[in-house]
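Trainee: Could you go through this one with me slowly? I'd like to learn how to talk about what I see.

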Amino acid sequence: MAEDRVASIYPLRRVDRSKYSDPDMPEYPGFIFLNHLGWRTAHVGAVLGCAVVAPITWLRAGRKDTLIRTVMPRVAGPLMAFGYVAGVAGGYALAVADKSPKNNGWSNDTVDDRAYRVVKNEALQTSNNFAAAGMVGSAVASSVSLGSLALGASAGTAAWLFAYAAVPTFRTKHWPTIKPTIVDAMTSAGIDPSSLTTGGTPAKKK
């Protein structure tokens, strides 16, 4: 029944500890799951607001205001808030309609499993930590407002993407191709190429 499916994601539903031995199982699985949905879509709203909507708004307005300090917070803040609400509402809508990822259904056990996977997903928690750090830094640097928090979340997400996607891709995919050219250029210039490690970072000099 729809009532049972909605009850499974109720934020204040306590987990049945007798079913699980891992102490990392969240106390409130419904809250963890809904908050996860909300923050995923909130991050999307903040990033789209800063990277797409704000520049377009700024250009259409004749570039009268400062893009980063004024337009981005003004645009991204509401989009981040809307994204969070939309994510949570979407979770309830899926439960009512009995639609779920991979057709696993909606029950206390499946929601418990999803919440557990959220808290144990290291990559996800790292991205959340980057976004949270960006939000704190933005709030300290400017003010505690929805706009500054959205700007910080976007910056933190961008930093996470760079650190965990762009840099590893460059090191594993592009560096092996680029390195021989750099080594040849250094050798021609009379520079010892042994200062380059296989990973592409300068080795410690003795």
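Mentor: Gladly, and please keep in mind from the start that this is a predicted model. Let us begin with charged side chains, since a search of the whole structure finds eight salt bridges.

Trainee: Okay, which side chain does Asp-109 meet in a salt bridge?

Mentor: Asp-109 meets the side chain of Lys-19, with 3.0 Å from N to O. Asp-109 belongs to helix H4, which covers residues 108-120, while Lys-19 sits in the loop between H1 and helix H2 (29-60), so this salt bridge ties together parts that are 90 residues apart in sequence.

Trainee: And is Asp-109 buried or exposed?

Mentor: Neither word fits, because Asp-109 has 41% relative accessibility and therefore counts as partly exposed. Lys-19 counts as partly exposed too, because its relative accessibility is 46%.

Trainee: What about Asp-24, which side chain does that one meet in a salt bridge?

Mentor: The partner of Asp-24 is Lys-120, and the N to O distance is 3.0 Å. Here Asp-24 is in the loop between H1 and H2 whereas Lys-120 is in helix H4, so the pair ties together parts that are 96 residues apart in sequence. Asp-24 is partly exposed, with a relative accessible area of 41%, and Lys-120 is partly exposed at 39% relative accessibility.

Trainee: How many residues apart are Asp-113 and Arg-117?

Mentor: They are four residues apart, which is about one turn of the helix, and both lie in helix H4. Their side chains meet in a salt bridge at 2.9 Å, N to O. Asp-113 is partly exposed, with a relative accessible area of 34%, whereas Arg-117 counts as exposed because its relative accessibility is 57%.

Trainee: Which residues are linked in a network of salt bridges?

Mentor: That network links Arg-14, Arg-17 and Glu-27.

Trainee: Let's change topic to the rings. How many aromatic pairs does a search of the whole structure find?

Mentor: The search finds two aromatic pairs. One of them is formed by Phe-33 and Trp-106, which are edge-to-face, with 5.8 Å from centre to centre and 65° between the planes. This pair links distant parts of the chain, since Phe-33 is in helix H2 and Trp-106 is in the loop between helix H3 (67-97) and H4, 73 residues apart.

Trainee: Is Phe-33 buried or exposed?

Mentor: Phe-33 counts as buried, because its relative accessibility is 8%. Trp-106 is buried as well, at 9% relative accessibility.

Trainee: Then why is the pair of Trp-39 and Tyr-84 called edge-to-face?

Mentor: Their planes are at 70° and their ring centres are 5.6 Å apart, so the pair is edge-to-face. Trp-39 is in helix H2 and Tyr-84 in helix H3, so this pair ties together parts that are 45 residues apart in sequence. Trp-39 is partly exposed, with a relative accessible area of 27%, and Tyr-84 also counts as partly exposed at 27%.

Trainee: Going back to Trp-106, which residue has its charged end over that ring?

Mentor: That is Arg-114, whose charged end sits over the ring of Trp-106 at 4.7 Å from its centre.

Trainee: And what does Ser-8 touch?

Mentor: Not counting residues up to four places away in sequence, Ser-8 touches several residues, and Trp-106 is among them, as are Arg-13, Gly-30, Ser-107, Asn-108 and Val-111. Ser-8 is in helix H1, which covers residues 2-8, and Ser-8 counts as buried because its relative accessibility is 0%.

Trainee: Which backbone oxygen does its side chain reach?

Mentor: The side chain of Ser-8 reaches the backbone oxygen of Arg-5, at 2.5 Å.

Trainee: One last residue: where does Gly-83 lie?

Mentor: Gly-83 lies in helix H3, and it is buried, with a relative accessible area of 6%. If you leave aside neighbours within four places in sequence, Gly-83 is in contact with Gly-38, Thr-41 and Ala-42.

Trainee: How many residues apart in sequence are Gly-83 and Gly-38?

Mentor: Gly-83 and Gly-38 are 45 residues apart in sequence, and in space they are 6.7 Å apart from C-alpha to C-alpha.

Key
Residues are numbered from 1 along each chain as its sequence is written. This is a predicted model: local features need pLDDT of at least 70, side-chain atom pairs count only at pLDDT 80 or more; totals for chains, interfaces and linings use all residues. Side-chain values use heavy atoms; hydrogens and water are left out. Helices (H or I, at least four residues) and strands (E, at least two) are DSSP runs, numbered from the N terminus. Buried means under 20% relative accessible area, exposed over 50%, partly exposed in between (1.4 Å probe, protein chains only). A polar contact is a pair of N or O atoms within 3.5 Å; within protein, one must be able to donate a hydrogen and the other to accept it, and residues adjacent in sequence count only if both atoms are side-chain atoms. Contact means heavy atoms within 4.5 Å. A salt bridge is a side-chain nitrogen of Lys or Arg within 4 Å of a carboxyl oxygen of Asp or Glu. Rings of Phe, Tyr and Trp (its six-membered ring) pair if their centres lie within 6.5 Å; planes under 30 degrees apart count as stacked, over 60 as edge-to-face and the rest as tilted. A charge sits over a ring if NZ of Lys or CZ of Arg is within 6 Å of the ring centre and within 35 degrees of the ring normal.
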